Amino acid sequence: MKQERTRMMLAMVDPSEAQRLVLRIYFNHSEEAELCACCATGAQLLSELRQGLRPEAIVLDAACENVLTLVSEVRRAVAGYTPMVALTIHSNILLSEKILLTSGVDCVILKPYEIPAMLATVFQHSREDEAFREFMRRRAFEKCLGEFGAAPDHMGSRYLCEMFCEEERAGTSCTSKALYHCVARKENLTASGVRNAVRRLAEQMWHTSTPGYCRMCAAYGKSIETPLSERELYCCLSEECRRGMR
């Protein structure tokens, strides 16, 4: 079964039409990142952010009109999570350290730059942000839930996502019992209540047996004759999610 890699979602603003063309051509064939927005102006980017676009990283060119004000507006437009924001600037243009320190950008990338080197810098800074790592975990797991036929509004789906995030934060494999208790404390429930919700979701997915569910069972050697156990469902979904995030 072919695994789809979860790529970085990157938004860029560059007034140069030629540079935007180069960026689009490069990212059409990139496995590292997806260029979810390539805008000529800050106003275009802000409009997309206000409509729900949530890139992992935003790269602004210093040639943008009122670029430092734009940084502040971007931060306000994406309240609720913290994307990494980089500023690209020609090496012969000097900005005082005070301006850069108070601008809100996470890093400065000197131009001219090679796109792979720019991406390496963006990756380094964005992956250091724990809030965004949490955002990406949830997005990736929710995507897997949808692909394999789990109802997104089912409480079992919510609890499985919380279990996955708890295990990722722990940085080690956890028992189902430990994960149930972690989620139960957060949700002010009992561990059995969490487990029962996951069991009901497993039964619902089995009864529905979407093509995605059948593919998941086949990929992990699980029978479709009976519902997956709570642990089997969690292990299949979490492993699939981790593969996609690599």
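Contact here means heavy atoms within 4.5 Å, and buried means under 20% relative accessible area, with exposed over 50% and partly exposed in between (1.4 Å probe, protein chains only). The model is predicted, so that local features need pLDDT of at least 70 and side-chain atom pairs count only at pLDDT 80 or more, while totals for chains, interfaces and linings use all residues. Residues are numbered from 1 along each chain as its sequence is written, and side-chain values use heavy atoms, with hydrogens and water left out.

**Exercise 1. Find which elements cover the buried residues of H9, and describe how those residues are arranged.**

Solution. Helices (H or I, at least four residues) and strands (E, at least two) are DSSP runs numbered from the N terminus. Begin with the length of helix H9, residues 191-208: at 1.5 Å a residue its 18 residues should span 26 Å, and its end C-alpha atoms are 26 Å apart, which agrees; the expected span is 1.5 Å times one less than the number of residues. Next, list the buried residues of H9, which are Ala 191, Val 194, Ala 197, Val 198, Leu 201, Ala 202 and Met 205. Seen down the helix axis, these buried residues fall within an arc of 140 degrees, so they line one face of H9, the arc being that of the directions from the helix axis to the C-beta atoms. Finally, their cover includes H7, helix H8 (176-187), helix H10 (211-219) and helix H11 (230-245). Just after H9, Ser 209 takes a positive phi of about 45 degrees.

**Exercise 2. Determine which element gives the most to the largest nonpolar core.**

Solution. A nonpolar core is a set of buried Ala, Val, Leu, Ile, Met, Phe, Trp, Tyr and Cys residues joined through side-chain atoms within 4.5 Å. The largest one has 34 residues, and those with the most contacts inside it include Phe 141, Met 163 and Met 205. Two or more residues come from each of helix H6 (130-147), H7, H8, H9, H10 and H11, and H9 gives the most, with seven residues. Apart from this core lies another, of 23 residues, among them Val 13, Cys 39, Leu 46 and Val 78. As for Met 163, leaving aside residues up to four places away in sequence, its contacts are Leu 179, Tyr 180, Val 183, Val 198 and Tyr 234.

**Exercise 3. Work out where Glu 166 lies, whether it is buried or exposed, and which residues share its salt-bridge network.**

Solution. Glu 166 is found in helix H7 (residues 155-170), and at 17% relative accessibility it counts as buried. Its contacts, not counting residues up to four places away in sequence, are Leu 179, Cys 182 and Lys 186. A salt bridge is a side-chain nitrogen of Lys or Arg within 4 Å of a carboxyl oxygen of Asp or Glu, and Glu 166 forms one with Arg 169 at 3.1 Å, N to O. Both residues lie in H7, three residues apart, about one turn of the helix; Arg 169, at 35% relative accessibility, counts as partly exposed. The network of salt bridges links Arg 138, Glu 162, Glu 166, Arg 169 and Lys 186.

**Exercise 4. Establish which parts of the chain the salt bridge between Lys 111 and Asp 61 ties together.**

Solution. The closest N and O atoms of Lys 111 and Asp 61 are 2.6 Å apart. Lys 111 lies in strand E5 (residues 107-111) and Asp 61 in strand E3 (residues 57-61), so the pair ties together parts that are 50 residues apart in sequence. Both Lys 111 and Asp 61 are buried.
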